[in-house]
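Hello,

Here is the structure I promised to pass on to you. Have a look through it first, and then read my notes below.

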Amino acid sequence: MRGGSVFIRQSAFDATYLKYIISKMTSPKESLSDAFYNSSYKLGPVVCVPKGTKEVYMSTVGWSLFSYIVEAERPEEVFVEDYKVYRVNGRDITLIQGSSEGRDISEKVTHEGQQYTLTAIGEKAYVKRLTNDYYFFADDFVIPSTITSIGVQAFATCKFGRNIISNIVEPFAISSNTFSEEVKASVPLYVPSGTKAKYQTTAGWDFANIVDLAESAEPLAVGEQFNTEMDGVVAIFVVNGDKTVTLNTMANVGMVEIPSTVTYNGVEYEVTSIGDNAFTNCTALTSLTIPASVTSIGEYNQEIKGETNVEIIPVSA
């Protein structure tokens, strides 16, 4: 779209199913709310706009309804996965727009068969458009170890119900407003073993309560659950005993190798079972490695029990 038209009329692109919309307008024209089909459809397309114009588009009638507005010249520069928008830089990616739907930040992200490593979180990545709106994370919020930079105000308006866990071993300087002063004063920041002093002396990480994971390692109670990554994809585990867990939910990927142990908040848990329905929706699964520590497999896991073409690889004790 170039800058000649003064108005985008009603139903101009009605029933046109678009993956990307590339607008060259540096001063976006108003459009009717249904010019691009309907409001529910606006969750889908990524709107690529000229550099320095994102804020203008986000406040312009019609355009403001789109969920994904990014500053990019070509659609190849960005993609959406798990409701988040990423900018591509070779095999590395930057998270430039978070979401209230897909909340976990994964260090590895697969898009159209290509795996990328998340190395940065962009400026205002988790800042919502409306002044009084914000993201709320009820569970522990984990920052992956692969992150090497976090942009200004990335989490400035976020609220956290539990803890922030940083897996970054070598903390780098961040802006003083990356997190709000309220969050830094009230939310515990858990850091890798032996790194507490580094965080305390690194700009931007001035949390009132920085906790070394090794010093605070207490196992979760039976029934509590946590998320962790296995080969770059998120899995959910539920505690079933004294430092033992059940694999409760697995992401839909092709090859899965279940580890015999997983570590969360500095505590190591043995994986002893696979829960009901853990793999029920894993239609892409082709290979599954099960450790010897697993002694039971729950119901409705057809992918494991031989009802589909999945290669099962048992590991001997």
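Accessible areas here come from the Shrake-Rupley method with a 1.4 Å probe. On that basis, the chain has an accessible surface of about 15900 Å², and carbon and sulfur atoms account for 47% of it. Please keep in mind that this is a predicted model.

Some overall figures may help you find your way. The chain holds 3 helices and 24 strands. Of its 317 residues, 45% are buried. If you take the contacts between residues at least 6 apart in sequence, 54% of them join residues at least 24 apart.

One sheet to look at is an open one made of 3 strands, in the order S1-S2-S3, with parallel pairing. Strand S1 (20-22) and strand S3 (68-71) are at its edges; each has a single partner strand, so one side of each has no neighbour in the sheet. On average, neighbouring strands of this sheet are turned by 25° against each other, ignoring direction. Strand S2 covers residues 46-49 and runs parallel to S3, with 4 bridges joining the two. For an example of a bridge, find Val-49, whose partner in S3 is Glu-71.

Next, two residues that I followed up individually.

His-111 belongs to strand S7, which spans residues 108-111. Is His-111 buried or exposed? Its relative accessible area is 13%, and because the cut-off for buried is under 20%, His-111 counts as buried. The side chain of His-111 makes a polar contact of 2.8 Å with the side chain of Glu-81. Glu-81 is also among the residues that His-111 touches once those up to four places away in sequence are set aside; the others are Phe-79, Val-80 and Tyr-116.

Ala-120 lies in strand S8, residues 114-121. With a relative accessibility of 9%, Ala-120 is buried too. Which residues does Ala-120 contact, leaving aside its neighbours within four places in sequence? They are Ile-93, Thr-94, Leu-95, Ile-147 and Ser-149. You can also check Ala-120 against Arg-87: the two are 33 residues apart along the chain, and 9.6 Å separates their C-alpha atoms.

That is what I have for now. I hope it makes a useful start, and do write back with any questions.

Best wishes

Notes. Residues numbered from 1 in each chain as written. Predicted model: local features only at pLDDT ≥ 70, side-chain atom pairs only at ≥ 80, totals over all residues. Heavy atoms only, no water. Buried < 20%, exposed > 50% of the residue type's maximum accessible area, 1.4 Å probe, protein only. Contact = heavy atoms within 4.5 Å. Polar contact = N/O pair within 3.5 Å; in protein donor to acceptor, adjacent residues only side chain to side chain. Pairing = 2+ DSSP bridges. Axes fitted to C-alpha atoms, helices over the stretch in contact; angles between N-to-C directions.
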